[in-house]
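I opened a new page for this chain today. My plan is to look up strands, sheets, cores and a pocket, then a few single residues.

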Amino acid sequence: MNFKTSLKLTFALLVFRTANSQTFEFSTNERQVLGNLKEKTASIDAGDIDNDGDIDLVVANGRHWPGQNRFFLNNGDGLFTISKALGNQRDTSYSTELADFDNDGDLDVAVGNDRAPNRIYFNDGNGNFSTGASFGNANSTTRNIVVSDIDGDGDVDIIITNRGAENEICLNNGSGSFESTIGFGSKKDSTIDVEVSDMNKDGNKDLILANRDGQQNYVYINDGNLNFVTKIPFGSGKDNTRSVEIEDLNQDGINDIVTANIGQANVIYFGSSEGTFNDSVKYDLDLDHSYSISVGDLDLDGDADIVVGNAREVNTIFINFGAGRSWEKASLSNKKFLTYDILINDLNADGKPEIIESNSDEKNFYYINRTIK
């Protein structure tokens with residue numbers, strides 16, 4: 001692994017060779033940013049906003065302080081040459097997701113805010129947005145939103161995690177309105193992240209929670225009627241978990257749970273046919289302040305790798321070369337940003353996934369994957 005710094009555009013070049021002699025490469029420069037502002041960015045999502053066939057990005061800014069949310073349009077080559085404001089007001093935004101909420105064939109935007117109304121923005125199909133109705137509790141401490149058709153009725157619902165308050169499932173009526181809300185968890189939960197997946201293969205979507213403040217992490221099992229009475233614990237019961245991802249890392253047909261922890265080792269919990277998550281491996285022994293994770297095949301070898309976004313420490317890549325049990329670590333760059341979210345997506349349509357950082361009080365960089373297939 002080495003970094004090359006020069007007067008050229010490239011200021012970070014990661015060339016990494018694994019134990020099996022495979023080489024992959026990521027690079028970034030001052031052009032590979034989302035604008036030139038240093039905002040309090042907390043979340044990024046990717047999708048084709050303007051229906052031109054390439055991947056655009058929407059950014060949630062603010063956290064505890066009102067900021068201007070924005071979206072960035074891809075010119076087709078992986079450069080974001082047009083930026084527009086999302087909405088005409090500033091919000092305390094922590095999370096954003098793209099989905100077709102009103103079933104009209106284009107991607108709309110949902111934004112989760114801290115102690116302010118969460119909001120839907122409807123797309124006219126060309127990347128022009130109008131403000132829709134709010135969803136969820138307007139005064140909750142929202143930290144993350146996730147979209148999924150959790151009730152199986154054919155439209156996209158929204159799951160909200162609220163730190164220190166009851167979490168919420170907001171059900172879509174099919175036109176992008178969310179009058180019906182179901183709570184899950186307790187009012188004392190410090191839930192920061194949630195993923196939605198059918199963990200026990202019964203056809204119903206379950207909830208996988210990441211809790212901070214030394215609280216137990218759980219998988220909430222869906223009984224088919226959105227009742228989540230059965231809870232399966234994972235982790236030590238005292239973890240400070242900030243983010244979770246679901247992936248079959250050992251390719252045994254059963255979903256595993258990948259965690260990012262604050263000041264603790266990051267751990268993978270392997271699912272079993274019994275529905276438990278007792279088998280685990282620490283893929284990162286360093287005690288970084290890990291805020292976010294994403295999984296994807298970064299080295300193009302057919303299995304899932306991990307990228308971790310850290311707070312005030314270098315962001316890191318973990319290459320899977322042992323069915324989820326053996327990992328090689330590399331630093332994405334030598335910069336110690338406050339990365340709240342990190343994302344894997346193919347931005348330049350070359351079949352190789354890029355890495356996008358969501359940095360607070362710093363520019364949001366993305367790293368082009370230059371690995372040779």
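**Entry 1: the pocket.** I began with the lining of the largest pocket. Strand 3 (39–47), strand 7 (93–99), strand 11, strand 15 (191–197), strand 19 (241–247), strand 23 (290–296) and strand 27 each supply at least two residues to it. I note that I am reading a predicted model. Which strand gives the most to this lining? Strand 27 does, with six residues. I counted 32 lining residues in the record of the pocket. Nearest the pocket's centre lie Glu 97, Glu 195, Glu 245, Ile 293 and Asp 341. I also looked up the volume of the largest pocket, which is about 550 Å³.

**Entry 2: strand 3.** I stayed with one of the lining strands. Is strand 3 mostly covered or mostly open? It is mostly covered, as eight of its nine residues are buried. Next I checked its partners. Strand 3 pairs with strand 4 (residues 56–61) in the antiparallel sense, over six bridges. Here Thr 41 has Asn 61 of strand 4 as its bridge partner. Strand 3 also runs antiparallel to strand 28 (residues 354–362), and two bridges join them. In that pairing, Lys 40 is matched with Ser 360 of strand 28.

**Entry 3: Tyr 94.** I moved on to strand 7, where Tyr 94 has its place. Its relative accessibility is 6%, and buried means under 20%, so Tyr 94 counts as buried. I then looked for what surrounds this residue. Leaving aside neighbours within four places in sequence, Tyr 94 is in contact with ten residues' worth of names I could list, including Ala 42, Ser 43, His 64, Asp 114, Arg 143 and Tyr 340. I checked the pair with Ala 42 by distance too. Tyr 94 and Ala 42 are 52 residues apart in sequence, but their C-alpha atoms are 5.2 Å apart in space.

**Entry 4: the sheet with strand 23.** I went back to strand 23, another strand of the pocket lining. It belongs to an open sheet of four strands in the order 23-24-25-26, with antiparallel pairing. Which strands are at the edges? They are strand 23 and strand 26 (327–331), and each pairs on one side only. The twist from one strand to the next averages 20 degrees. I looked more closely at one pair. Strand 23 and strand 24 (residues 305–310) run antiparallel and are joined by six bridges. Ile 293 stands opposite Val 308 in strand 24. Ile 293 is also one of the residues nearest the centre of the largest pocket.

**Entry 5: Gly 322.** I followed this sheet into a loop. Gly 322 is found between strand 25 and strand 26. Is Gly 322 buried, partly exposed or exposed? It counts as partly exposed, because its relative accessibility is 25%. I tried one long distance from here. Gly 322 and Thr 141 are 181 residues apart along the chain, and 40 Å separates their C-alpha atoms.

**Entry 6: the sheet with strand 11.** I found another open sheet of four strands, in the order 11-12-13-14, and its pairing is antiparallel. Its edge strands are strand 11 (142–148) and strand 14 (180–184), each paired on one side only. Neighbouring strands here are turned by 20 degrees against each other on average, direction ignored. Strand 13 (residues 167–171) and strand 14 share five bridges in the antiparallel sense. Asn 167 has Phe 184 of strand 14 as its bridge partner.

**Entry 7: the cores.** I looked up the largest nonpolar core, which has 16 residues. Which of them touch the most other members? They are Phe 26, Ile 317, Ile 355 and Tyr 367. Strand 2 (23–29), strand 25 (316–320) and strand 27 (338–345) each supply at least two residues of this core. Apart from it lies another core of 14 residues, with Leu 249, Val 281, Tyr 283 and Ile 306 among them. I also listed contacts of Ile 317 beyond four places in sequence, including Leu 14, Phe 26, Leu 298, Glu 328 and Ile 355.

**Entry 8: Asn 266.** My last residue is Asn 266, found in strand 21 (residues 266–270). Its relative accessible area is 0%, so Asn 266 is buried. Beyond its neighbours within four places, its contacts include Thr 259, Val 281, Tyr 283, Ser 290 and Val 308.

Technical notes
Residues numbered from 1 in each chain as written. Predicted model: local features only at pLDDT ≥ 70, side-chain atom pairs only at ≥ 80, totals over all residues. Heavy atoms only, no water. Core = buried A, V, L, I, M, F, W, Y, C linked by side-chain atoms within 4.5 Å. Buried < 20%, exposed > 50% of the residue type's maximum accessible area, 1.4 Å probe, protein only. Contact = heavy atoms within 4.5 Å. Pairing = 2+ DSSP bridges. Axes fitted to C-alpha atoms, helices over the stretch in contact; angles between N-to-C directions. 1 Å grid on protein atoms, 1.4 Å probe; cavity = no way out; pocket = protein on both sides within 12 Å on 5 of 7 lines; lining within 4 Å. Points joined across faces, edges and corners; volume = space filled by probe spheres on them.
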